[in-house]
Amino acid sequence: MRKLTYFIACSIDGFIGDEAGDASYMYPFVDEEFFEFLRTEYPETMATHGRRALGIDDLPNRKFDTIIQGRASYDVALKEGVTSPYAHLREYVASRTLKESPDPHVEIVADDLVGRVRELKEEEGEFGIYLCGGSEVAGELVDEIDELVIKTYPVVQGSGMPMFGAAFAISEFELDEVRVFKNGVLVRTYSRKR
Ligand SMILES: NC(=O)c1ccc[n+]([C@@H]2O[C@H](COP(=O)([O-])OP(=O)(O)OC[C@H]3O[C@@H](n4cnc5c(N)ncnc54)[C@H](OP(=O)(O)O)[C@@H]3O)[C@@H](O)[C@H]2O)c1
């Protein structure tokens with residue numbers, strides 16, 4: 001059984017971007033120390049074109065070999081002409097409107113997203129599944145999430161796109177680890193309480 005991990009950047013008050021999901025104000029928090037953490041522990045969570053620009057595109061995956069994104073999140077790269085933003089992972093994009101995949105490496109999941117994720121979780125393998133977001137897809141998959149890795153940046157937004165676009169429901173998680181960075185970034189890892 002493979003784990004589904006929601007690995008996400010957010011503000012102190014739990015928003016993953018502005019109302020439209022734009023999280024670009026968070027980029028400056030990826031300073032030298034925090035970048036080193038990402039590079040050594042989660043290199044596969046960086047987009048392929050970014051890895052290439054940084055000269056780290058040969059780094060092996062550490063935690064994940066598969067990524068799931070909603071179409072709106074995938075659109076961020078697609079608008080820049082990047083059709084396979086995580087070419088070093090198996091890429092799945094949830095969409096009912098994309099009738100054809102823009103890239104042979106990207107599989108579109110149009111029906112039964114939860115069922116497809118359960119099938120992926122049932123596969124054998126040492127690597128897990130990276131749930132990239134955004135909010136809508138995370139909300140639909142909230143009951144399937146086994147692990148949360150929350151990168152919290154030291155800002156309060158007041159409003160914006162929530163971590164989960166879901167109805168009110170309590171899911172309990174246990175805290176496994178907290179990493180603290182000099183610039184005020186926290187990375188908390190939680191496992192679902194079973
Ligand atoms: N802070 C961070 O770390 C972080 C990480 C990831 C994303 N984001 C931000 O999040 C924003 C996007 O989030 P979002 O909530 O608007 O959208 P999203 O979850 O990325 O994508 C929503 C889309 O996914 C498809 N979808 C949803 N449920 C589906 C289902 N059951 N079956 C098939 N397709 C389904 C639909 O696509 P169709 O309309 O094509 O049917 C829907 O419009 C972006 O701006 C991105 O920058 C931030």
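Q: In strand 6, which residue is the bridge partner of T66?
A: In this predicted model, strand 3 covers residues 64-70 and strand 6 covers residues 128-133. The two strands pair in the parallel sense over five bridges. Within this pairing, the strand 6 residue that partners T66 is I129.

Q: Which residue in strand 4 does I67 stand opposite?
A: Strand 3 is also joined to strand 4, and these two run parallel with five bridges between them. Four of the five residues of strand 4 are buried, so that this strand is mostly covered. Opposite I67, strand 4 places E91.

Q: Which are the edge strands of the sheet?
A: The sheet is open and consists of eight strands with mixed pairing, in the order 5-4-3-6-1-7-10-9. An edge strand pairs on one side only. This applies to strand 5 (106-109) and strand 9 (173-180).

Q: By what angle are neighbouring strands of this sheet turned against each other on average?
A: The strands concerned are those of the open sheet with the order 5-4-3-6-1-7-10-9. With direction ignored, the average turn between neighbours is 25°.

Q: What angle does the direction of helix 3 make with that of strand 3?
A: Helix 3 spans residues 71-78 and packs on the sheet. There it touches strand 3, strand 4 (90-94) and strand 6. Its direction and that of strand 3 make an angle of about 100°.

Q: Which residues are the closest to the ligand?
A: The ligand is surrounded by 30 residues. Strand 1 (4-11), strand 2 (15-17), helix 3, strand 6 and helix 5 (135-140) each supply at least two residues of this shell. The closest residues are G21, G70, A72, G133 and G134.

Q: How many charged residues does the shell around the ligand have?
A: Sorted by class, the shell has 15 nonpolar and 10 polar residues. The number of charged residues is five.

Q: Why is G125 classed as exposed?
A: G125 is found in the loop between helix 4 (113-122) and strand 6. A residue is exposed if 12 or fewer other C-beta atoms lie within 10 Å of its own. G125 is therefore exposed, because the number of other C-beta atoms within 10 Å is 11.

Q: What distance separates the C-alpha atoms of G125 and D65?
A: Leaving aside neighbours within four places in sequence, G125 is in contact with R2 and D65. G125 and D65 are 60 residues apart along the chain. Their C-alpha atoms are separated by 9.1 Å.

How values were computed. Residues are numbered from 1 along each chain as its sequence is written. This is a predicted model: local features need pLDDT of at least 70, side-chain atom pairs count only at pLDDT 80 or more; totals for chains, interfaces and linings use all residues. Two strands pair if DSSP finds at least two bridges between them. Axes are lines fitted to C-alpha atoms, for helices over the stretch in contact, and angles run from 0 to 180 degrees between N-to-C directions. Two residues are in contact if their C-beta atoms, placed from the backbone, lie within 7 Å. A residue is near a molecule or strand if its C-beta atom, placed from the backbone, lies within 6 Å of it. Ala, Val, Leu, Ile, Met, Phe, Trp, Tyr, Cys and Pro count as nonpolar, Asp, Glu, Lys and Arg as charged, and the others, Gly among them, as polar. A residue is buried if 20 or more other C-beta atoms lie within 10 Å of its own, exposed if 12 or fewer, and partly exposed in between; C-beta atoms are placed from the backbone.
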